[in-house]
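Biologist: I'm new to reading structures, so please take a close look at the charged side chains for me. Tell me who pairs with whom, and where each partner sits.

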Amino acid sequence: MEVLLAAVAVIALAVIASRLRRPTRTTRPSTRPRAGTRRAYPGDFTGRPTVSYSPTLDGRADPGEVVWTWVPFEEDFSRGKDRPVLLIGRDGDWLLGLMLTSKDHDLDAVKEARWGRHWLDIGTGAWDGQRRPSEVRLDRIVRVDPAAVRREGAILDRTRFDSVIDAAKKRRCW
């Protein structure tokens with residue numbers, strides 16, 4: 001009888017514990033763009049961009065702003081994730097941007113460079129709610145559908161914007 005009561009107690013505790021657990025956040029990437037995206041991703045921009053700086057926090061994404069949007073993975077444009085992007089110009093009706101990360105790539109800069117990835121520290125900004133230091137990727141220009149921009153994050157000041165563009169020009173030979 002004691003064994004049966006102990007078994008029932010263990011099962012009851014397991015049921016209670018499973019109901020108290022919070023669902024875990026998935027780290028799997030999205031397999032499609034967020035709602036509101038109206039067209040298929042045509043691929044990364046590979047030409048010489050016409051850079052502009054015209055930020056205005058008016059609800060529309062403009063060059064010079066950091067916005068949050070869906071960014072496709074390089075190896076599979078049908079998959080990607082939401083991330084902050086520094087807008088640097090336009091290509092027709094597409095916006096052009098450089099993606100940001102809060103991951104510190106200084107520690108693996110040699111490995112990243114071996115794969116052709118180059119990063120520049122740009123500091124903190126309102127685009128990150130935790131105000132973590134950010135880096136911008138210089139060697140990949142992504143196209144951004146204005147309809148897919150989830151929200152404006154912040155205006156990057158002109159001095160930092162110009163530093164990013166200068167560094168990107170040196171890395172990409174614009």
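**Charged side chains, one by one**

Modeller: Let's start with Asp-157, which is partly exposed because its relative accessible area is 32% (buried means under 20%, exposed over 50%, partly exposed in between, with a 1.4 Å probe and protein chains only). This is a predicted model, where local features need pLDDT of at least 70 and side-chain atom pairs pLDDT 80 or more, while totals for chains, interfaces and linings use all residues. Residues are numbered from 1 along each chain as its sequence is written, and side-chain values use heavy atoms, leaving out hydrogens and water.

Asp-157 has a partner: its side chain meets that of Arg-160 in a salt bridge, 2.7 Å from N to O (the rule is a side-chain nitrogen of Lys or Arg within 4 Å of a carboxyl oxygen of Asp or Glu). Arg-160 counts as partly exposed too, with 25% relative accessibility. By this rule the model has 13 salt bridges.

Now look at helix α3, residues 158-172 (helices are DSSP runs of H or I, at least four residues; strands are runs of E, at least two; both are numbered from the N terminus). Here Arg-158 and Asp-162 form a salt bridge of 3.0 Å, N to O. They are four residues apart in the helix, so about one helical turn separates them. Arg-158 is partly exposed at 44%, and Asp-162 is partly exposed at 31%. Elsewhere, shared salt-bridge partners join Arg-39, Asp-93 and Asp-145 into one network.

Let's zoom in on one link of that network. Asp-145 and Arg-39 form a salt bridge whose closest N and O atoms are 3.4 Å apart. This pair ties together distant parts of the chain, 106 residues apart: Asp-145 lies in the loop between β6 and β7 (151-155), and Arg-39 in the loop between α1 (2-20) and β1 (65-73). Asp-145 counts as buried because its relative accessibility is 6%, whereas Arg-39, at 29%, is partly exposed.

Finally, visit Arg-140, in the loop between β5 (134-137) and β6 (142-144). With 4% relative accessibility, Arg-140 counts as buried. Leaving aside residues up to four places away in sequence, Arg-140 touches several residues (heavy atoms within 4.5 Å), among them Asp-44, Pro-72, Glu-74, Met-99 and Arg-172. Also on that list are Val-71, Phe-73, Phe-77, Gly-97 and Leu-98.
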